[in-house]
Amino acid sequence: MGWTRKDLLGLEDLSKEEITLILDTADSFKEVSTREIKKVPALRGKTVVNLFYEPSTRTRVSFEVAAKRLSADVINIATETSSVKKGETLIDTGANIEALKVDIIVMRHNYSGAAIMLAKHVKASVVNAGDGWHEHPTQALLDMFTLREKLGKIEGLNVTIVGDIAHSRVARSNIWGLTKLGAKVTVCAPEMLIPPGIEEMGAKVSHDIDDALRNADAVNVLRMQFERDDGDAFPKQLEYFKNFGITEERLAKVKKNIIVMHPGPINRGIEMSSEVADGANSVILEQVTNGIAVRMAVLFLVAQANENIKHEDAD
Amino acid sequence: MGWTRKDLLGLEDLSKEEITLILDTADSFKEVSTREIKKVPALRGKTVVNLFYEPSTRTRVSFEVAAKRLSADVINIATETSSVKKGETLIDTGANIEALKVDIIVMRHNYSGAAIMLAKHVKASVVNAGDGWHEHPTQALLDMFTLREKLGKIEGLNVTIVGDIAHSRVARSNIWGLTKLGAKVTVCAPEMLIPPGIEEMGAKVSHDIDDALRNADAVNVLRMQFERDDGDAFPKQLEYFKNFGITEERLAKVKKNIIVMHPGPINRGIEMSSEVADGANSVILEQVTNGIAVRMAVLFLVAQANENIKHEDAD
Amino acid sequence: MGWTRKDLLGLEDLSKEEITLILDTADSFKEVSTREIKKVPALRGKTVVNLFYEPSTRTRVSFEVAAKRLSADVINIATETSSVKKGETLIDTGANIEALKVDIIVMRHNYSGAAIMLAKHVKASVVNAGDGWHEHPTQALLDMFTLREKLGKIEGLNVTIVGDIAHSRVARSNIWGLTKLGAKVTVCAPEMLIPPGIEEMGAKVSHDIDDALRNADAVNVLRMQFERDDGDAFPKQLEYFKNFGITEERLAKVKKNIIVMHPGPINRGIEMSSEVADGANSVILEQVTNGIAVRMAVLFLVAQANENIKHEDAD
């Protein structure tokens, strides 16, 4: 089966076969970054625009590195300097970027659904690099890639996601992707951080971290955002760590080879202890490495599918 | 006739033949952006610096894409991070950039004449990407390229420019360029937005939009800047739209195939209605596409001329 | 002798032979920037990250140009958009960048010793682009390269460094480098701008500029930072210029061919007169040109050494 979509907007709409195809393609691209000359000509002469409406170093840099290792030309646009400031709508911005004859727009946006809307209005491929609380598909794909690489499969795994589920596009994309590939997902958080409808997505809910970790093959620990201006931030962080933080003590009571993941950047001593972050179970830095391979695969697949669509249109 | 200038500073000094040469060269570069591999080696190993003293996404990105499609290396310098903040003069900045052995400096600056001053002090080519209220030659060239492509010629055309003529480098460059190529230019705006001396440049003045559109083959609609802090901004915008906005009603009374242009970004409902912006007469997105071809042509021509100048100096 | 270090962190630890090797390698790279096609494939397929925690246009651009002329892919990360804002430690940032399989991290940081710490924690090469008041080795190397090119040697030269020695990483790196290669260094400044321990580094101290220039073959004039908010800034600048500014009058009393250097950007009328800055003794713009060659040499040498280290590890 080949990839036929011009865009990657989320995992909700993808089939098991499509997700597997991305992971398999990423497998073959992973080797490129281990070469002395870390470059393949797959996207030579293609233009990739990183259109970021939210500040992000990690995701932007990961996509930029991935695109350059595919030999694409990369243009960075950050909202700070964008014509968005002049009040232009997203659709106008998209139309203008498209008119530059770019091939792929990688977009991060603070509104849920922004990538879907953009994709409908441009012929260029759109890759969602995070839209509001909706989806962050390449993050979930790199999490799944890492899981599969470490544990040999995803089907049948018990994966626990800990943290602010309600405001997490990473959690949502992981739930869609993991359940499609046959994993069982448990989300664990204080009640106010569990969104309504999460069980309809296929996830079990727990408010007890030890319980949620008991049979887990992997735990994906989300970043917690505490308001800096909140005078209670520090006591709240301490309480969160006490009740939900991943520690060596907690890991001592669960499966010995449990995989610990985190999308980064880690708040050490809030979401997990430093010992866990740097410990034998942690695959956090491997996730970063795999992010390049997964994003190379996604950029490659959507560009290729878009070429095919154009050729069919021309026939 | 060949191109012999190391710089492109404005259209005022160019001959009809020089302008035509740029447009003809852009014709041949336009095809590059339609290829699967959108890249030619014309500027391989050349360094292009985008030196922007004013925030601009559109123009910066257009030049960056153009330079990369010519295989040049591109370095972006924005004032936010520039040593300008440390009080360095433009001439010192230019000398320092030149000392990096760059080939082309693309500069946007808030002072009229800045590009002319820079060009006198550096051997590198200087391309004016907008200097104060003075000139924005590549914008006017892409407007003229689009006109010529749509209507087959520029000579004899009636072109109306609507909006804040007094503070518009786009208007000035268009007037110089269009009149040199034999078009008749009418500018249309409220009296306070018409600068003194505009008729000496060769333009007719009108304060009545319907009158100004009557025989127009094309209308170039400028962006209006209303101060956000102005409590009267909204009523002023409504009044402007009522008196000068381009609407379907107005277009129904003029030449059926009138070309509607805008340098972007559009304020829908202020300068023109959405129906017009997206309608059959609008070539606004084609202008963006043509901007790449025109900027590729300009970068190519000035670089080539500068090589020739160096070779002559060396003889 | 070959270069064996994976990093360039400072000149304090380097031997005379190592410094000479960098300068000799820079000699051979200088020619590249004079070619029509200013590019060699030495670092093709390598990734260079410019990680700048302090704003800097000159040094960032110089490294970016150098890396691109070696055909490397360059990724710029500025603190404004970095995850540092989210509280990530430098070590975590380093680990994450390393996980992207980058080859070289060029870092500027406001803390002395930051580059050393980073280099210990990553396998990628680290090039110090300025760390606090500690070292700025590539600046000193380009100063020495320029001196050697102009005067044929460094051994036995009398070099005077004028300005705020106490807060200058440029001064420190120059003192280490110059004394290792056999030059005699005099630092000259008001007493409060001379740091303790400077004589142990091998420099002579003077508070009299005319005295300090008397036998100098070269004078390296540092940038003075006067607080803008200080109401006394202007009288202080005038006084500094009177007592320490380099003027044609002062140069008339010293060696005719004295070399005048400055790391830029110059404050004309504070550190030196405009006549001196643009005069026959000034090599300030040549320093900028040589900075490209020196940085190409450094990037090339550390990348090559790192490849060798990896191969040995693999054996």
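# Helix packing and odd backbone angles

User: How do α5(B) and α6(B) lie to each other?
Analyst: α5(B) and α6(B) are oblique to each other (neither under 35 degrees, over 145, nor 65 to 115). This is a predicted model, where local features need pLDDT of at least 70, side-chain atom pairs count only at pLDDT 80 or more, and totals for chains, interfaces and linings use all residues. Residues are numbered from 1 along each chain as written, chains are lettered from A and ligands numbered from 1 in the order written, and side-chain values use heavy atoms, without hydrogens or water.

User: At what angle do they pack?
Analyst: About 55°, with the axes of α5 (137–151) and α6 (169–180) 8 Å apart. Axes are fitted to C-alpha atoms over the stretch in contact, with angles from 0 to 180 degrees between N-to-C directions; helices are DSSP runs of H or I, at least four residues, strands of E, at least two, numbered from the N terminus.

User: Switching to α4 of chain C, which residues are buried?
Analyst: C:Ala114, C:Ala115, C:Leu118 and C:Ala119; buried is under 20% relative accessible area, exposed over 50%, partly exposed in between (1.4 Å probe, protein chains only).

User: What do they pack against?
Analyst: α3, β3 and β4 of chain C, where contact is heavy atoms within 4.5 Å.

User: Where is C:Ser71, with its positive phi?
Analyst: C:Ser71 is in the loop between α2 and β2 of chain C, and its phi is about 70°.

User: Is C:Ser71 buried or exposed?
Analyst: Buried, at 15%. A:Lys101 also has a positive phi, about 60°, but A:Lys101 is partly exposed, at 35%.
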